[in-house]
2 protein chains.
Amino acid sequence: MKRKEISHTEHFPLVMDAMTSRGLLLAAYTPDGRANAMTLGWCMLGGVWSMPICIVLVRPSRYTCECIEQAGCFTVNVAGADLDEACLLCGTKSGRDGDKLAEAGLTVEKAETVEAPVIAECPIVYECKVVHRNNILPPELADELQRWYADGDYHHIFFGKILAARAAQDAAELLGS
Amino acid sequence: MKRKEISHTEHFPLVMDAMTSRGLLLAAYTPDGRANAMTLGWCMLGGVWSMPICIVLVRPSRYTCECIEQAGCFTVNVAGADLDEACLLCGTKSGRDGDKLAEAGLTVEKAETVEAPVIAECPIVYECKVVHRNNILPPELADELQRWYADGDYHHIFFGKILAARAAQDAAELLGS
């Protein structure tokens, strides 16, 4: 999809709405070079270290966690309502078991600034290089959050420096605003 | 200042611009009940644990860090260009040494949802309850970030559940968009 450079702050309400409605697609190459993506429900944007930053939270049991650890970069792709089913599939299957992007009918483009796949069908993409990673600390979690960790598997938190943010000209329409 | 409830995603570009230009005002009560604020340059907004979250980074040497640890809540106040000097002062003096809000000509209102001060002169405010806290992990920092920590003092990262986000009707004008 043709996109132009935007500020990382543009379209934020649309991006958060898409995240809440169907999830975003967090994409990275696998250690053996295949494109993979998982559906991402928790993401933050802003500025840290005086640079644009995108934070994503990934449970260590997820294959994507291992992929990002090894690749050191990722993309966050914002999907429109036409990709509801693809996002559902990418959120329930594991890339360990095969090419779920193909199964979901998604195709891949090269990112412009990092070695990570971009989902061609998504109107907005953030290209990110990992500049920090830390973890959820179980003793520091409020009681109301414990229910998310009944099986442990506490999230790794990846801090991605946003090297590029790009959107299709008609991103707002495509995302159904 | 009179404000109405907004979505935490509204006005995001304005808020990030204000942060970059003059900083935001991160406010909390001191352990002995005085209102205090520091100027905040690093902040993120988004969704985690299926709730609106505001992340702020505070060095442990800062008095505000101790205040937030004890109070368990804070507000993030978005200042307009008329508060350039007040933000400069709140970024350079410590609340340990006196009432810097008074010195900066800032006045305080009660928050609606948490026990934290709101800066009356700020057109936008986020009221937050701390639901998690973790730390910057030195071995996990990219080389390009090491320069921020020549003296150690690695940031604490507070994850605030946004209980209310409110903006003045003319917030965009007041913030100089």
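Start with both chains on screen: a rotation of 180° with 0.0 Å of shift along its axis lays chain B over chain A, at an RMSD of 0.0 Å. That is how a two-fold axis relates copies. The fit is by least squares on the C-alpha atoms of residues with pLDDT of at least 70 in both copies.

Before you click further, note that this is a predicted model, where local features need pLDDT of at least 70, side-chain atom pairs count only at pLDDT 80 or more, and totals for chains, interfaces and linings use all residues. Residues are numbered from 1 along each chain as its sequence is written, while chains are lettered from A and ligands numbered from 1 in the order in which they are written.

**Stop one: chain A**

Select chain A and colour by secondary structure: you should find 5 helices and 10 strands. Both are DSSP runs numbered from the N terminus, helices being H or I with at least four residues and strands E with at least two. The radius of gyration of chain A, 15 Å, is close to the 16 Å of the globule rule for 177 residues, so chain A is as compact as a globular protein of that length. (That radius is taken over C-alpha atoms, and the rule is 2.2 Å times the number of residues to the power 0.38.) Along its principal axes, the C-alpha trace of chain A spans about 45 × 40 × 30 Å.

**Stop two: the interface**

Now select the residues where the chains touch: 33 from chain B and 33 from chain A. On chain B, helix H1 (12–21) and strands E4 (43–48), E5 (51–58) and E9 (124–135) each supply at least two residues. E4(B) gives the most, with 6 residues. Contact here means C-beta atoms, placed from the backbone, within 7 Å. Of the interface residues of chain B, 97% are also interface residues in chain A, so the copies meet through the same surface.

**Stop three: E4 against E4**

Show the backbone of residues 43–48 in both chains; E4 of chain A and E4(B) pair in the antiparallel sense over 5 bridges. Strands count as paired if DSSP finds at least two bridges between them. To pick out one bridge, select A:Cys43, whose partner in E4(B) is B:Gly47.

**Stop four: helix H1 of chain B**

Which residues of H1(B) are buried? Select B:Phe12, B:Leu14, B:Val15, B:Met16, B:Ala18 and B:Met19. Buried means that 20 or more other C-beta atoms, placed from the backbone, lie within 10 Å of the residue's own. Finish just after H1(B), where B:Gly23 takes a positive phi of about 90°.

How values were computed:
Two residues are in contact if their C-beta atoms, placed from the backbone, lie within 7 Å. A residue is buried if 20 or more other C-beta atoms lie within 10 Å of its own, exposed if 12 or fewer, and partly exposed in between; C-beta atoms are placed from the backbone.
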